[in-house]
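Subject: Structure for you to look at

Hi,

Here is the structure I promised to pass on. Please open it and keep it beside you while you read my notes.

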Amino acid sequence: MSDATAGVPAVGTNQIYTLHVNGEDRDVSDAWVGESLLYVLRERLGLMGSKGACEQGECGSCSVLIDDELVCGCLVLAASAVGQQIVTIEGIAPVGAPSDVQQAFVDAGAVQCGFCTPGLIMATHALLDRSPEPSEYEIREELSGNVCRCTGYGRIIDAVQRVSVSRRSDAASASEVAS
Amino acid sequence: MSVTVAHTLDDALASLAATPTATVLAGGTDLMVELNGGHRRTDAVVSVNRVRELRSWRHDPAAATLHIGAAVTYAELAAEPLASFAPALAQAARTVGSPQIRNAATIGGNVGTASPAGDGLPVLSALDAVVHLASLAGRRDVAFAEFATGPKRTVLQPGELITGITIPVLSGYQGYAKVGVRNAMVIATASACLAVDVPGRSVRLALGSVGPVILRAPEAEALAVAAADFEAGAIDADAVEAFGAAAGRAARPIDDHRSSAAYRRRAIEVLARRLLVRAFPGTPGGE
Ligand SMILES: Cc1cc2nc3c(=O)[nH]c(=O)nc-3n(C[C@H](O)[C@H](O)[C@H](O)COP(=O)(O)OP(=O)(O)OC[C@H]3O[C@@H](n4cnc5c(N)ncnc54)[C@H](O)[C@@H]3O)c2cc1C
Ligand code: FES
Ligand code: FES
């Protein structure tokens, strides 16, 4: 390509490219450049937390953050995410030290088969970061891209509300200590 | 297959000129479904959703227009400050897919796909949007009504990019209404956008999912203009009925796996009436 496009990362067939995942640079090699981010995460980088079911954006089980935006990993062309910050469920909390959202899902009984859970945890973190005290309506709306075949959603909404309440009381006691 | 991530418009146009068969990728919510499913193949992809010029928007108060870059997402259109400039587009945006989809899906992608069910499109039609195109050879503007030539067919040439759209910022009610099988993540069975321009004394009605492209309903529009009291925001019940019927006549629906033609036409009648009453809630001569 000419000088006009110098500096543009052009990824050719089976060329190595680097993705920034959970704070680390990860080389993707021996991959076809038409692969989705979901496929690359699972099959090339061994990050099995993001799940794949529909591969057409309908179920949300592949939800990841790209530059802080919640998106479906299956609808992202992996090679086009070069240079962006990708966060997967593995980047939310280390194994054995669950995030408050993960713990609340366990406590509320919001996990049955668990297939939808990583996507819902990602979506719940994104929701509560933006809107710390969502109404039930808002929770339903914001989690509408995540399908769960087991729970009937009641316990999932309960889990989200628990986190909202506990973060608020944590914040209140922190400000008491500060005053 | 190669993938190029463009950061400037020049990069994008140069890459497209170098490989005119390349496929433009924006949010990927239509294209990746086709690639994942093996329904579409391409030897080159040019990703444009990080191009600054395409990611930005501009309100021109003097001209009363809003320019929206092609890579502006539905999540951005649904939120302030854009929602106040283009209320019907914001309403349409809120009905698109799910939060994940709205975060990725762009208005340019909706225009590029040119599905008659695209939720942004009836709004662009009702507002007589202008679609801005560019290639290395130069720029051109196309009226929205001329952009799509059939379902998923457009006047876009190889090597050409949609850079954005321009819509007027109107003073008057505008709304979008959609019928589908459920509340979230649903393709429109039928949809309609109504936009009123009070100072310009016009009423525009555009219909989605009931024809090969988005349709306008000129007979209904003329009827509403004749019957409406623009200052009082009022219209009589007979005119509302007639408006719905005329909207139904403008629809050219088909039977398919999602719905029947008869149901779609009926839905259009109801949506059109409902939108007109929202636009003109008063009764003539009444309070
Ligand atoms: C689960 C799911 C739910 C959905 N729900 C809805 C819905 O409710 N309503 C709705 O309207 N749509 C819906 N869609 C369809 C899709 O999200 C929209 O059509 C969206 O606007 C496409 O934008 P994009 O940026 O993702 O396009 P992409 O997939 O990136 O591109 C779409 C097409 O347009 C072309 N293109 C994109 N940008 C440009 C450009 N700047 N210049 C030239 N060509 C370009 C591409 O080459 C491609 O052919 C849904 C999709 C999914 C997967
Ligand atoms: S696998 Fe991505 S949304 Fe279902
Ligand atoms: S717990 Fe089984 S799909 Fe949600």
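Is A:C54 buried, partly exposed or exposed? A:C54 is partly exposed, because its relative accessible area is 24% and buried would require under 20%. Bear in mind that this is a predicted model.

Now compare another cysteine. A:C72 is buried, with a relative accessible area of 3%. A:C72 takes part in no disulfide. Its nearest cysteine sulfur belongs to A:C62 and is 4.4 Å away. The cut-off for a disulfide is 2.5 Å, so that pair does not count. Across all chains, the disulfide count is zero. As a reminder, a disulfide is a covalent bond between the sulfur atoms of two cysteines.

Next, chain A as a whole. Chain A has five helices and six strands. Along the sequence they run β-β-β-α-β-β-β-α-α-α-α. The C-alpha atoms of chain A fill a box of roughly 60 × 45 × 30 Å along the principal axes. Chain A has 179 residues, and 47% of them count as buried. Look also at contacts in chain A between residues at least 6 apart in sequence. Of these, 53% join residues at least 24 apart.

Then look at where the two chains meet. 39 residues of chain A are in contact with 31 residues of chain B. Together the chains bury about 2,600 Å². Carbon and sulfur atoms carry 59% of that area. On the chain B side, three residues stand out: B:M1, B:V3 and B:Q100. They supply 26% of the area that chain B buries against chain A, more than any other three residues. Why quote an area at all? The size of an interface is often given as the accessible area lost when the parts come together.

Last, the second largest pocket. It holds about 1,000 Å³ of space. Its lining has 44 residues, and those closest to the centre are A:E69, A:L70, B:A75, B:N103 and B:A104. From chain A, strand 4 (63-66), strand 5 (69-72), helix 3 (117-130) and helix 4 (136-142) each give two or more residues to the lining. From chain B, helix 4 (74-78) and helix 7 (99-104) do so. Which element gives the largest share of the lining? Helix 7 of chain B does, with six residues. By type, the lining divides into 21 nonpolar, 11 polar and 12 charged residues.

Best wishes

Methods: Residues numbered from 1 in each chain as written. Chains lettered and ligands numbered in written order. Predicted model: local features only at pLDDT ≥ 70, side-chain atom pairs only at ≥ 80, totals over all residues. Heavy atoms only, no water. Buried < 20%, exposed > 50% of the residue type's maximum accessible area, 1.4 Å probe, protein only. 1 Å grid on protein atoms, 1.4 Å probe; cavity = no way out; pocket = protein on both sides within 12 Å on 5 of 7 lines; lining within 4 Å. Points joined across faces, edges and corners; volume = space filled by probe spheres on them. Helix = DSSP H or I, 4+ residues; strand = E, 2+ residues; numbered from the N terminus. Nonpolar A, V, L, I, M, F, W, Y, C, P; charged D, E, K, R; others polar. Contact = heavy atoms within 4.5 Å. Buried area = accessible area lost by both parts, 1.4 Å probe.
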